[in-house]
Each structure stands twice: as structure tokens, then as C-alpha cells.
Amino acid sequence: MIKLLIFGPTGSMGHLISRLALDDSNIEVVAACDVDKIGDSLGSVAATSDPNNIIINDVGELENIIARTQPDVAVDFTVAEATEKNSVICVKNGIRCVIGTTGLSEEFLNQFENLVKEYQAPAVISSNMATGVNIFFKVLSVLSPYLKDWDIEIIEAHHHRKLDAPSGTALTIGNIIADSIHSDFKKIAKFGRDKGPNKRAIGAKNEIGVHSIRAGDIVGDHIVLFAGPGERIEFKHQAHSRDCLAAGAIKAIKFIVKAPENKIYSTREVLGL
Ligand SMILES: NC(=O)c1ccc[n+]([C@@H]2O[C@H](COP(=O)([O-])OP(=O)(O)OC[C@H]3O[C@@H](n4cnc5c(N)ncnc54)[C@H](OP(=O)(O)O)[C@@H]3O)[C@@H](O)[C@H]2O)c1
């Protein structure tokens, strides 16, 4: 039985993950922490049965909660500042983390990688835990080298509450394409285009454009456009609901509890892609 701590169970992702975890016979939810609905039953938030009647605790009490409940794994889909603080506390207590929060800083990621080794607590960090998206990543890594002389643009669309732009998934796509054509995404990424003269650098090795749309309740769309002389190819992934993302988080929880190496794993590794 995997003893699980859930961060942010009142969030869009958090409540779906809570529901799946509470219904999973291999997972025992031992704690839930949030800044909202403190004192509510996790079952009432996740709208499912909660056999242990877990009460949502104040995340400010995290050290005490860990000492009392001894989780094996913590799952975190919240906000970057919270994740950067709470996952450090978790890893220092030997808890294996599954982190879906996007917008994490490079500084945090470097520090966290060292902590994972030092405290021997592997983690999954992934901007998108959906199976289809990770197959999409794989296809892009195979295809891009053939199209490196074409122009490549990434277009993503999400709901109007999303905090970060571009999406973590769009950044992952950019890095995968750039790596596969031996380029450096940090140097060639062009985020949006300002009004006025704005000529594109030709070919994907020189520029990859990334564009963000924020509107309504769009769950998450990603289009990768490859344009060459006289023709173009477009690849598109659309999430119809967050269920595929929450199911991916549960797979990652089951994977990380047995993961052999003290490192940060991707969802591609979780899925064996
Ligand atoms: N990797 C993936 O597959 C994937 C998929 C979807 C989303 N995401 C990412 O996951 C994150 C959450 O997305 P969402 O759509 O679920 O957002 P959301 O609905 O806004 O939920 C975020 C939750 O985090 C809570 N929170 C804020 N500060 C906290 C803290 N200090 N400690 C604990 N909980 C805290 C929020 O509480 P309040 O509402 O009270 O502020 C809220 O319940 C975002 O970064 C998003 O980009 C990743």
C-alpha cells in the first residue's frame, strides 16, 4: 500500500487526483494539505468516499503532518512558489515526489536534482502526464530531424485562469524539438511576435516560435506546425478533460514508489516510451 500525501486537493487537478487515489486499492491517502478549505473532509472535496476521513490540513503545518503520517509519496499540482517550498521539505524527509506544477524555476530544478540524490528520494517532474501527449513528444523527437530546415512554430491554448505562459508542455515540446536537431531551445526560442517589423529567422535551427492563447475553459491544446516550401504539416494534441492528466499522475505515483535510481524521472520514462 502506497501512503500518499496530496497537496492542493481543492484545485482542478488536485480534486481529480484525490478522487482517483481514494478509489485506488493500492493507495492509502494519509494526508492532504492546502491553503483553502482547511478542516473539510477530503471526501467532500473530491466527491467520493474517504474511508479514513482525511481532514484537509493547513500546508503551513507540513513538517508536523509528515512526522505524524509518514507518507511514501507526495503529489503536487499547485502553484510554483508553493511547490518549490513544499517539495524541498518532502525530499529532505525522504518522501518521493510527483510534481505536475508548471512554471518551476531553473534554480529550483537544479537544487531539487541535488536533493533527490542527497536524500535518496527519486521524483517525477513532468509538465504533462497525459499518455497521448507523451506519445506526441516521442513522435516529434523522431520527426523533427527530417524537418530541421523548415520553420517550426508551437501554438498552445489554455483556460483563462492559467498562471504561466507559455505552458510547461509547450516548453517541453520546444526543448524536445531543439534537442533532436542539436540546437539550444533557450537560444532560438521566440516567444510571441511584437507589432512592427519582425522578420523570422529561417529554419528551425535558427528559430522556434511559441505562441500562447488564453480563453474560456480550454483544458489544453498544443499544435506544432512544420512549414516548408509549398507545403506544411501540423500535429495537434487536444485534452478533452483533465481526466487523462489525473490518471497520469496516479501512474507516476505507482512508478516512483519503486523507482530504482535517485534521479528525476519524466513521464516518458514512467510510460516506458
Ligand atoms: N503536469 C500536468 O500534467 C499538469 C496538468 C494540469 C495542470 N498542471 C499544472 O498544475 C498546476 C495546478 O493546476 P490546476 O489547474 O489544478 O490549478 P488550480 O485549479 O488553480 O489549483 C491549484 C491549487 O493549489 C492550491 N494552492 C495554492 N497555494 C498552495 C500552497 N501553498 N499549498 C498547497 N496548495 C496550494 C490552490 O488553492 P487556492 O485555490 O486556495 O489558491 C488550488 O487549490 C498548474 O501549475 C498547472 O499548470 C499540470
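These notes cover the ligand shell, one sheet and two helices of a predicted model.

1. The ligand is surrounded by 26 residues. Those that come nearest are Gly8, Gly11, Asp36, Ala82 and Gly100. Three elements give two or more residues each to this shell: helix H1 (12-22), strand S2 (27-34) and helix H9 (243-256). Of the elements, H1 gives the most, with three residues.

2. What classes of residue make up the shell around the ligand? The shell has 14 polar residues, ten nonpolar ones and two charged ones.

3. Elsewhere in the fold, five strands form an open sheet with mixed pairing. Read across the sheet, the order is S8-S9-S7-S10-S11. Strand S8 (189-191) and strand S11 (231-238) are the edge strands, and each of them pairs on one side only. With direction ignored, neighbouring strands of the sheet are turned by 20 degrees against each other on average.

4. One pair in this sheet can be followed residue by residue. Strand S7 (residues 151-158) and strand S10 (residues 221-228) run antiparallel and are joined by seven bridges. As an example, Ile154 has Val224 in S10 as its bridge partner.

5. Which strands do the helices H6 and H7 touch? Helix H6 (residues 131-143) lies across S10 and S11, and H6 runs at about 155 degrees to S11. Helix H7 (residues 168-180) also packs on the sheet, where H7 touches S7, S8, strand S9 (208-214) and S10. The direction of H7 makes about 165 degrees with that of S7.

6. How are H6 and H7 placed relative to each other? The two helices pack at an angle of about 25 degrees, and their axes are 9 Å apart. Angles under 35 degrees count as roughly parallel, so H6 and H7 are roughly parallel to each other. The crossing of H6 and H7 is right-handed.

7. The contact between these helices can be listed by residue. From H6 come Val133, Phe137, Leu140 and Ser141. They meet Thr169, Thr172, Ile173, Ile176, Ile177 and Ser180 in H7. By class, this contact of H6 with H7 has six nonpolar and four polar residues, and no charged residues.

How values were computed. Residues numbered from 1 in each chain as written. Predicted model: local features only at pLDDT ≥ 70, side-chain atom pairs only at ≥ 80, totals over all residues. Near = placed C-beta within 6 Å. Helix = DSSP H or I, 4+ residues; strand = E, 2+ residues; numbered from the N terminus. Nonpolar A, V, L, I, M, F, W, Y, C, P; charged D, E, K, R; others polar. Pairing = 2+ DSSP bridges. Axes fitted to C-alpha atoms, helices over the stretch in contact; angles between N-to-C directions. Contact = placed C-beta atoms within 7 Å. Parallel < 35°, antiparallel > 145°, perpendicular 65-115°, else oblique. Left-handed = near helix turned anticlockwise from the far one by under 90°.
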